Structure formats: structure tokens, C-alpha cells
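Thank you all for coming. I would like to take you through a few details of one chain, and I will begin with a pair of helices before turning to charged side chains and then to some loops.

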Amino acid sequence: MVATAATSSFFPITSSPDSSDSKNKKLGSGSTNLGGIMSNQYASSGSLQVKANAQATPKINGTSVVTSLVESFKNEDGTSSPPARTFINQLPDWSMLLAAITTMFLAAEKQWMMLDWKPKRPDMLIDPFGIGRIVQDGLVFRQNFAIRSYEIGADRTASIETLMNHLQETAINHCKTAGLLGEGFGATPKMCKKNLIWVVTRMQVVFKRYPTWGDVVQVDTWVSASGKNGMRRDWLVSDSKTGEILTRATSVWVMMNKVTRRLSKIPEEVRGEIEPFFMNSDPVVAEDSRKLVKLDESKTEYVRKGLTPRWSDLDVNQHVNNVKYIGWIFESAPLTVLESHELSSMTLEYRRECGRDSVLQSLTTVSDSSAGDLVKVGEIECQHLLRLEEGSEIVRGRTQWRPKYAKSFRGVGQIPAENA
């Protein structure tokens, strides 16, 4: 009946009294005439009443719209019946559709502006922090690093630990990019099967100039053979803009069984895995063949005791990272040297590792030629020893220091021209 009433709203039907009476007899009390006129017999008694002339006929764009009678019907309790489904009241909400279209256009415009962005200055670099890439016939790995504000020290230049971490990071990324990184950071896939890892035994570093905050350095690294059972890794650190060489470093690595902690020869299957990546080249730093002396605590001028590893000092093998050793060495360096001089070169000899429960001592002596007023002398040479409190040696070292000058602080404020 509802469908018929909806149809009659568009196509009114005029019924004859006879037909109306016959239909009323069939429908019984409460039925309505399809022509929209209530039978006099049921006008005052039926359960449904027609609300006539309640409002003017609605218009859309000046055209009258016929409303279904069902919309004007009320039940006995006075509640309205739900409106019939007609073409008009099924139209979409145009305001919501317009809002959705506007949102889409605004999002597209924002995305287009981001794609069209360009640096305002030519010296602004886009993404200089990638993992790096292989260059020079697949033998050299290259990676850029930006010097961040938290990586500079009291001298307003990159700290020694920061620069050494750059060397270590490029070595690991080189192995990863070349497909030579197995489990952990210190072994190739075939080395892992034999419980072998690489350990550094000797390192030489020469510092020409220190980068400062905002500089971007380029680090190149490669590997070569060192004797029958060793590997040499070299690094060149340069200014990414000018190409100026800032740091040169070379190191010697050997294999160690990570279970027995003993040195091992290179197995033939491992040799076949790594030799294709060896580069036939000389070390970037000439070898300092002078023997590193063992310091005697009773004759040492500067001693720092009670050094213990923190949790953050440990690597994935639960041993102290070799870069941390350098920081411990300088714990015993004379403060007057650190204030008036900067490190120009160092040679380190790694003798054994230490773990999380180790307690260490740092010893430093200043060479006789550098005796006197350390602030006024020129080049200074120091001898270093890092050892366990029970006496086992961890690292021996030798460092060279040069006076600090104003040019070392280029680009960061105004520094007096005289020595710092």
C-alpha cells in the first residue's frame, strides 16, 4: 500500500463512488481511498486521519512538488510515519561531496609543492646521510657524514671519538654493501660458520684538520692483504666541498676464534670469499716502526684509576668497543696539553679486549723533549698505556700534539689571532 501511495503522489487517481465503496468493503475500517479523499463513513471513526492544508505545496526551482500522502499520515499516538522513498529525498548531500572534493584538491596541491621544492642556496645538500656506495671498480666504499652539534667538543671541532666512529661505520657499511656481512658486525658469512671474527691489532691515524659543526665529510675506505693471515683497511677523510684531505688512517686486522679467543689463520674458503675485494695499494699512512713502550706505573707522571665500562660502551659481543679505548687513554692526558694543543697523530696497538666487569687504569707520560712549560712548547709527544688493574695490557699508544691556532676554529665566532 505504501508503494501505491507513493505512486499516487505523482499520478493521482480519481475513483468513482462505486469503486470506492467496493474497495472500502474489502479493505475494512481504517483503509483510505487511493484518490486521497477519505470516505465519509470512516472520516470520524477511523484510526488514521488526513492532515489537510497543513502547509503549502513545496516547490523546487519554482516547480511544485506533489508530496506523498504517506508523509502526512499520523498514527493514533500522534507520531509521523517515515517518509516515502522518492527521487527527491534520495539525492546525495551536495555539501559533503563538495567538501570531499575540496580536501582532495588541497592535498594534491600540497604534494605538488613538496615535489617542486628546491634548495634556496646552492650549498644546501639534499640527503647527505645515505648509507654510501661502491666506487672505483667495486673496490672502494664511499660515504658522507654531516658533523652535528652534539659531535663537537670544547674546541668547537669534531671530537676524536666522532671521527673514529665514522671510520668504524664505513668499514661495517662497506662489508654490508659488498655482501660480506654475516651475523653481527665482525665476520663474513663463511667466517660465521667457523666461529671466526675480525679484530683490529694496530691503527695509525694522522689528522691534518678537524671539521666543525655543519661540515660534511666524505670517507673513502678499502681493504688490502696484510701478510699471509691479515687484512689492512685504509681510510681517507676529505671535505666533501673542497676535496681537501682532512684525515688519513690505516689499520691491521687478524682473525680470532670467538669461542677460544685465540688468533686463527685464514681458511681457504674464507680467503676465496674476501680476496676479490682486496685492492693492491700502499698504506695511506707510512708505518711508524718505532716500538711502543710499556709504561711503569711507579715512573708514570699521569695516572687515572678506576675506569669501568658502562652498558653503552659494549658492542654486540658484550665487549668494549675499540673506539672507547681512545677516550679512556685521554682520561690521563695532561689537562694543559688538551687545552693548548690538538692531536695531530696517534699510533695504537691493541693487545687484548676487556668486558663489562673490567676495571682499568690509564697511564700517560710526556716525552723528555717536551718537558718544561707544556703551554709554550711546540710539538708534544706522549706515551700511553691502558691496562686492567691486575696488570694485563689492553692498549699501548703514542700520540703527537701540535699547538692550537685560531685557524682551527674557522667559521665559528670570532677567535683571537694568538694561540688559544
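Let me start where two helices touch: in H5, the residues Ile-160, Glu-161, Met-164, Asn-165 and Gln-168 meet Asn-322, Val-323, Ile-326 and Gly-327 of H8. Sorted by character, the residues of this contact comprise four nonpolar, four polar and one charged. Please keep in mind throughout that what you see is a predicted model.

As for the geometry of that contact, H5 covers residues 160-177 and H8 covers residues 322-329, and the two pack with their axes 9 Å apart at an angle of about 160 degrees. Since angles over 145 degrees count as roughly antiparallel, H5 and H8 are therefore described as roughly antiparallel to each other. The handedness of the crossing between H5 and H8 is right-handed.

To place this pair in its setting, the chain has nine helices and 16 strands in its secondary structure, and of its 420 residues 40% are buried. If we take the contacts between residues at least 6 apart in sequence, 66% of them join residues that are at least 24 apart.

Now to the charged side chains. In general, side chains of opposite charge can pair when their charged atoms come close. How many salt bridges does the structure hold? There are 22 salt bridges, and I will go through a few of them.

One of these pairs is Arg-271 with Glu-275, where the closest N and O atoms are 3.7 Å apart. Glu-275 in that pair is partly exposed, its relative accessibility being 39%.

Another salt bridge joins Arg-351 to Glu-393, with 4.0 Å between the closest N and O atoms. Arg-351 sits in the loop between strand S13 (341-350) and strand S14 (360-366), whereas Glu-393 belongs to strand S16 (residues 393-403), so this pair ties together parts of the chain that are 42 residues apart in sequence. The two partners have their own surroundings: Arg-351 is partly exposed at a relative accessible area of 41%, while Glu-393, with 14% relative accessibility, counts as buried.

Glu-393 also meets the side chain of Arg-396 in a salt bridge, at 2.7 Å from N to O, and here both Glu-393 and Arg-396 are buried. Which residues are linked with these in a network of salt bridges? The network consists of Arg-202, Glu-349, Arg-351, Glu-393 and Arg-396.

I would like to finish with some loop residues, and with backbone angles in particular. As background, most residues other than glycine have a negative phi. Asp-137, although not a glycine, has a positive phi of about 60 degrees. Asp-137 is located in the loop between strand S5 (133-135) and strand S6 (140-146), and with a relative accessibility of 81% this residue counts as exposed.

Arg-261 likewise is not a glycine, yet has a positive phi of about 60 degrees. The loop that holds Arg-261 runs between strand S10 (245-257) and strand S11 (263-264), and Arg-261 is partly exposed, with a relative accessible area of 31%.

The last residue brings us back to H5, because Gly-184 lies in the loop between H5 and helix H6 (189-193). Gly-184 is partly exposed, at a relative accessible area of 41%. From Gly-184 to Ile-197 the separation is 13 residues in sequence and 9.3 Å in space, taken from C-alpha to C-alpha.

Methods: Residues numbered from 1 in each chain as written. Predicted model: local features only at pLDDT ≥ 70, side-chain atom pairs only at ≥ 80, totals over all residues. Heavy atoms only, no water. Axes fitted to C-alpha atoms, helices over the stretch in contact; angles between N-to-C directions. Helix = DSSP H or I, 4+ residues; strand = E, 2+ residues; numbered from the N terminus. Parallel < 35°, antiparallel > 145°, perpendicular 65-115°, else oblique. Left-handed = near helix turned anticlockwise from the far one by under 90°. Contact = heavy atoms within 4.5 Å. Nonpolar A, V, L, I, M, F, W, Y, C, P; charged D, E, K, R; others polar. Buried < 20%, exposed > 50% of the residue type's maximum accessible area, 1.4 Å probe, protein only.
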